[in-house]
Amino acid sequence: MTAIELTIILLAAAVIAVVGLRAFGAPPLVAYLAVGVLLGPNAIGLASEGEATHTLAEIGVVFLMFSLGLEFSRTKLLSLRKHVFGLGAAQVGVTMLAAVTVLLLVPGAWLIWMFPGGIDWRAAIALAGAVALSSTALVSKLLTERRELETEHGRRVFSVLLFQDLAVIPLLVLIPALASGESGWWMPLGLALLKAAGLLIVLLRFGPPLMRSWFSLVARQRSHEVFTLNVLLATLLFAWMTKYFGLSMELGAFVAGMLIAETEFRYQVEEDIKPFRDVLLGLFFVTIGMQLDLGVVLHAWPQVLILLLVPLIVKFLLVLGLVRLLGGTAGTAIRTGIWLAQASEFGFVLLSLSISTGLLQDSTLQPVLAAMLLSLLLSPLLISQANRLALRASSQEWLQRSLQIQSIASRSIGRTGHIVIAGYGRSGQALAHVLESEGVGYLALDLDPDRVREASSAGESVVYGDATKPEALTAAGIHRARAIAITFDDNQAVFRLLARLRVVAPKLPVLVRATTDLELAKLREAGATEVVPEIAEGSLMLASHALALAGLPRTRIMSRVRLVREGRYQLLQGFFHGADDQAGEGIEADHVHLHAVGLPEGSPVIGRSLGELDLAGVRISAIVRSNGRSLDPPPETLLRANDTLVLSGTPDQIGSAEVLLLGG
């Protein structure tokens, strides 16, 4: 099979798997693993892991470590240092100690049955390192999608993941050192650590000013292509540098990310690197799936089941105990334990490194690999039940939930005709301040405990609560409120809240903030009374000031602004797309475009009125004739030869309308 054929097969299978599994809420990572398992040499056999594929997959891990380095700003580490270096260090240390102890104390016959290739104390340390880690790619994505990053358990989970990612670095140094020999392993380990320390000191001491100067020079060229190439160069150069000195490529990429995180280019770099990282990391998971031999797994299913259940249960219990020991509530401990129980993508990296250095044999790898894959497949399901399990298992959790609802209710008692604000970020706070200046009461709900604590201490009417929960809405006095304003920009949560409101308070006016004009119709269909698109409203304000500077009377300006708003911003919807709009829009089929079409002499619509045309959702926003341009022409306008019509709609709609207007 040629390289192009293999690429097409992998891409097609990945797209189908991702789309199919996303319907069940599974992350893309699971789909990539499934593609590798099914198409690999040990199953259907359509794809195999060649040297080129392995190299690209390794680069995917390099880019993942680079992205993690971008997250390690000193500010974030300082804000989470208690959880990162307290709970995180304890979790990794205790889990590795427990895993090594269990592996060394298991009777020899059982150990051979569990690991046919056999393991010694060095292999036990390598396996323990893999077991101690959790999936940063899977968990961080789910935390963001479920809006739980700023919750009590979310902060602990993210902090532990940060420390685990740091712990990968010494583990990547430790495994090759252990593989060098049983008696003198400490000498190569010490040498590797000295080289790593020296290289890190040099890079971190002299790297930041050099990196800032380097990226500033490239940024002055104002070329996006050159900037992206420079990001790729920086990542791979640092990875090669550490490999040249006998260390891992991942360490160099991580350091490069840390250096850039201290510059003003961090966020642009993060956006530029994301497509390369995601695609190559997906290929990495495909190659991991290819290593799984389904025949061995089916033959050794008892070992796979034990290797799946024991680490899941033990990690859950260890994290639960550590969170409780460090002052967390029972509910927080249960949630944190469930979120961190699965295996890690870096566990696969450590296992692959252990195989390549000879610490583990391939026959030992198969049951372990299968168990880790299954834990990743099960993890989204377990995480979706975390809240329910915490409520069932902890009476204190019920008490805290009732106290939270009571806190919301106590702030809303006596309020009538107030505005409920869902989300207290910048938009929510600006709205609250305007309402307060006019003496209109409000009550805001937000899920960021620090924001709620600080704003509440400043006397603002905000409480901690999830506005998408019916009980929180009821406690906020939704039935006595005059309206609710949804100000957060999470579309999934907005539609979920609109669905709740249709049941809880179907007649309540709902105001929704939209970052773009793409969701206007969908949000209104979902139950929003008014939708305020930020871009359109900002453009309208710019237009009103420009009209004032042009000398138009104030009454005429206000009349125009009112007409635009009453027309639901139709005048401002859509724009003529250029080359620089293509890259930033992703899938453009949903975007409203403007397109000009000239009517030739033989057009079949000449002599017909606009009202007679059926353009399937396309709006004619203007007509251009020799005597000028007419905006929003009335339906009775008759079309003439050589008219230029400005069409507003999606590309597909405009294409169909153009065929109709030009007669095929």
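Where in α9 is the kink of about 30 degrees centred? In this predicted model, the kink is centred on P170, and the legends below take up that helix together with two sheets, a second helix and the salt bridges.

**Figure 1. Overview of the protein chain in the predicted model.**
The secondary structure of the chain comes to 29 helices and 10 strands, and of its 664 residues 47% are buried. Among the contacts whose partners have a separation of 6 or more, 71% are between residues 24 or more positions apart.

**Figure 2. Helix α9 (residues 152-179) and the kink centred on P170.**
The 28 residues of this helix should span 40 Å at 1.5 Å a residue, and the end C-alpha atoms are indeed 40 Å apart, which agrees with that expectation. Within α9 there is nevertheless a kink of about 30 degrees, with P170 at its centre. Because 22 of its 28 residues are buried, α9 is largely enclosed by the rest of the structure.

**Figure 3. The open sheet of six strands, with parallel pairing.**
The strands follow the order β3-β2-β1-β4-β5-β6, and at the edges stand β3 (462-464) and β6 (530-533), each of which pairs on one side only. Neighbouring strands of this sheet are turned against each other by 20 degrees on average, with direction ignored. Strand pairing in such an arrangement rests on a general rule: the strands of a sheet pair through backbone hydrogen bonds, either parallel or antiparallel.

**Figure 4. The β5-β6 pair and helices that pack on the six-stranded sheet.**
Strand β5 (residues 510-514) runs parallel to β6 and is joined to it by four bridges, and in this pair A514 stands opposite P533 of β6. Helix α26 (residues 534-549) packs on the sheet, where it touches β5 and β6, and its direction makes about 70 degrees with that of β6. Helix α21 (residues 426-437) lies across β1 (419-422), β2 (442-446), β4 (483-486) and β5, and runs at about 165 degrees to β1.

**Figure 5. The open sheet of four strands, with antiparallel pairing.**
The order of the strands is β7-β10-β8-β9. Strands β7 (593-598) and β9 stand at the edges with a single partner strand each, so one side of each is left without a neighbour in the sheet. From one strand to the next, the twist averages 20 degrees.

**Figure 6. Strand β10 and its two pairings, with β7 and with β8.**
Six bridges join β10 to β7, and these two strands run antiparallel; H593 stands opposite G649 in β10. Five bridges join β10 to β8, again with an antiparallel run, and here I620 is the residue opposite L647 of β10. Strand β10 is mostly covered, with five of its six residues buried.

**Figure 7. The salt bridge between D643 and R625.**
The closest N and O atoms of this pair are 2.9 Å apart. D643 lies in the loop between β9 (628-631) and β10 (644-649), whereas R625 belongs to strand β8 (residues 619-625), so the pair ties together parts that are 18 residues apart in sequence. Both D643 and R625 are buried.

**Figure 8. Helix α7 (residues 121-132) and the salt bridge between R122 and D120.**
At 1.5 Å a residue the 12 residues of α7 should span 16 Å, and the end C-alpha atoms are 16 Å apart, which agrees. Nine of the 12 residues are buried, so the helix is largely enclosed by the rest of the structure; R122, A123, A124, A126, L127, A128, G129, A130 and A132 are the buried residues. The side chain of R122 meets that of D120 in a salt bridge, at 2.9 Å from N to O. With 14% relative accessibility R122 counts as buried, because the value is under 20%, whereas D120, at 25%, counts as partly exposed.

**Figure 9. The salt bridge between R608 and E612.**
A search of the whole structure finds three salt bridges, one of which joins the side chains of R608 and E612 at 3.8 Å from N to O. R608 has a relative accessibility of 31% and therefore counts as partly exposed.

Note on methods
Residues numbered from 1 in each chain as written. Predicted model: local features only at pLDDT ≥ 70, side-chain atom pairs only at ≥ 80, totals over all residues. Heavy atoms only, no water. Salt bridge = Lys/Arg side-chain N within 4 Å of Asp/Glu carboxyl O. Buried < 20%, exposed > 50% of the residue type's maximum accessible area, 1.4 Å probe, protein only. Expected span 1.5 Å × (residues − 1). Bend = angle between axes of the 7 residues up to and from the residue. Pairing = 2+ DSSP bridges. Axes fitted to C-alpha atoms, helices over the stretch in contact; angles between N-to-C directions. Contact = heavy atoms within 4.5 Å.
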